[in-house]
Structures are given as structure tokens and as C-alpha cells.
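Reader: Could you take me through this structure slowly, and let me ask at each step how a label is earned?

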Amino acid sequence: QVQLVESGGGSVQPGGSLSVSCAASGIIRSINVMGWYRQAAGKQRELVAAISSSGSTNYAGSVKGRFTISRDNLKNAVYLQMNSLEPEDTAVYYCNADVTSFPDYSRNEYWGRGTQVTVSS
């Protein structure tokens, strides 16, 4: 089994910065795409940013230029730096990973439990 554990997040005033981290553990052969999703109260979960194993990135239009996703393949970790935060960024942020596991090379998608980000004055 693979587990994703998020850390970071918290509360900040508009215009502030926060970061969230996620580390994957388990019997991992490789991690393909890693990403961050968020779900605000009463809304559907949406993609925030994703990064491939080679470093190619994809951002939601609403966060482009403000958020930066990165990863450390040796640590099986993904990070999200969030700058110029807005109240609309308030949500639970979830880590997501597309993992190929040993011993059968099975490929599955895993989710973290989520971490709260609140932007409020």
C-alpha cells in the first residue's frame, strides 16, 4: 500500500503566503504525476497544479503566476508554494499521486487526507 501524508497549510491574511508538502511512502517503484487538488465548501474538487516525473507542470488558470509546484523524486515528495493568496483560495488541499508499485508493477492513484488552507482578514 501507498500512503500520502500532507503537511503545512494553515491560516493567512489575503496577500500572504503558505506552503504545503506531501510525502509518499510504501512499496513504490515510481511515481508518475503528482499533484494538488482543492475542495472549497460546497464546491467540487478541482485541480490546482500537477507535475510529471520529468518536471513538466500544469496549473489551473486561477493560480497561475501565484502558485508554484515542485517535487523531489528521491524523497517521493511534492510541494506547493502559494503566494498572493486570496480568500477564494480557501479550501482543503489534497495531494494526489499516480504510483507504480512493486512487485506487480500495478499502477494506482492515491490521495492524501487533505490539509486546510484558510485565507481571511
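**Labels and the values behind them**

Author: Let us begin with Phe-102, which has a relative accessible area of 40% and counts as partly exposed. Please keep in mind throughout that this is a predicted model.

Reader: Why is Phe-102 called partly exposed?

Author: Buried is kept for values under 20% and exposed for values over 50%. Phe-102 has 40%, so the label is partly exposed. By the same reasoning Tyr-105, at 47%, is partly exposed.

Reader: What makes the pair of Phe-102 and Tyr-105 edge-to-face?

Author: A pair of aromatic rings is described by the distance of the centres and the angle of the planes. Centres must lie within 6.5 Å for a pair, and planes over 60 degrees apart count as edge-to-face. The ring centres of Phe-102 and Tyr-105 are 5.9 Å apart and their planes stand at 70°, so both conditions are met.

Reader: What is the peptide bond from Phe-102 to Pro-103 like, and where does Pro-103 lie?

Author: That bond is cis, with omega near -5°, and Pro-103 belongs to the loop between β9 (91-101) and β10 (107-111). Most peptide bonds are trans.

Reader: What is noted about phi of Tyr-105?

Author: Phi of Tyr-105 is near 60°, which is a positive value in a residue other than glycine, and Tyr-105 sits in the turn of the hairpin that β9 and β10 form, with five residues between the two strands. Asn-76 also has a positive phi, near 50°, and is found in the loop between β7 (67-72) and β8 (77-82). Most residues other than glycine have a negative phi.

Reader: How do you know that β9 and β10 are paired, and which other strands pair with β9?

Author: At least two bridges are needed for two strands to pair. Five bridges join β9 to β10, so the two strands pair, and they run antiparallel; one of the contacts places Ala-97 opposite Tyr-110 in β10. Strand β4 (residues 28-39) pairs with β9 over nine bridges, again in the antiparallel sense, and Ser-30 stands opposite Thr-100 there. Strand β11 (residues 115-119) is joined to β9 by three bridges and runs antiparallel to it, with Gln-116 in β11 as the bridge partner of Val-92.

Reader: How do you know that Cys-22 and Cys-95 form a disulfide?

Author: A disulfide is a covalent bond between the sulfur atoms of two cysteines. In a model it is recognised when the two sulfur atoms lie within 2.5 Å. The sulfur atoms of Cys-22 and Cys-95 are 2.1 Å apart, so the pair is a disulfide, and a search of the whole structure finds one such link. With -80° about the S-S bond, this link is left-handed.

Reader: Which parts does the link of Cys-22 and Cys-95 tie together?

Author: Cys-22 belongs to strand β3 (residues 18-26) and Cys-95 to strand β9, so the disulfide ties together parts that are 73 residues apart in sequence. Both cysteines are buried, and β9 is mostly covered, with ten of its eleven residues buried.

Reader: What does β9 supply to the largest nonpolar core?

Author: That core has 31 residues, of which Trp-36, Leu-80, Met-82 and Tyr-93 touch the most other members. Strand β9 supplies five residues, the largest share of the core.

Reader: What makes Tyr-37 and Trp-111 an aromatic pair?

Author: The structure holds two aromatic pairs. In the pair of Tyr-37 and Trp-111 the centres are 4.9 Å apart, which is within the limit of 6.5 Å, and the planes are at 65°, which is over 60, so this pair is edge-to-face. Tyr-37 is in strand β4 and Trp-111 in strand β10, 74 residues apart, and the pair therefore links distant parts of the chain.

Reader: How do you know that Arg-45 sits over the ring of Trp-111?

Author: The limit for the distance to the ring centre is 6 Å, with a further condition on the angle to the ring normal. The charged end of Arg-45 is 4.7 Å from the centre of the Trp-111 ring, over which it sits. Arg-45 also lies over the face of Tyr-94, at 3.7 Å from the ring centre.

Key
Residues are numbered from 1 along each chain as its sequence is written. This is a predicted model: local features need pLDDT of at least 70, side-chain atom pairs count only at pLDDT 80 or more; totals for chains, interfaces and linings use all residues. Side-chain values use heavy atoms; hydrogens and water are left out. Helices (H or I, at least four residues) and strands (E, at least two) are DSSP runs, numbered from the N terminus. Buried means under 20% relative accessible area, exposed over 50%, partly exposed in between (1.4 Å probe, protein chains only). Rings of Phe, Tyr and Trp (its six-membered ring) pair if their centres lie within 6.5 Å; planes under 30 degrees apart count as stacked, over 60 as edge-to-face and the rest as tilted. A charge sits over a ring if NZ of Lys or CZ of Arg is within 6 Å of the ring centre and within 35 degrees of the ring normal. A nonpolar core is a set of buried Ala, Val, Leu, Ile, Met, Phe, Trp, Tyr and Cys residues joined through side-chain atoms within 4.5 Å.
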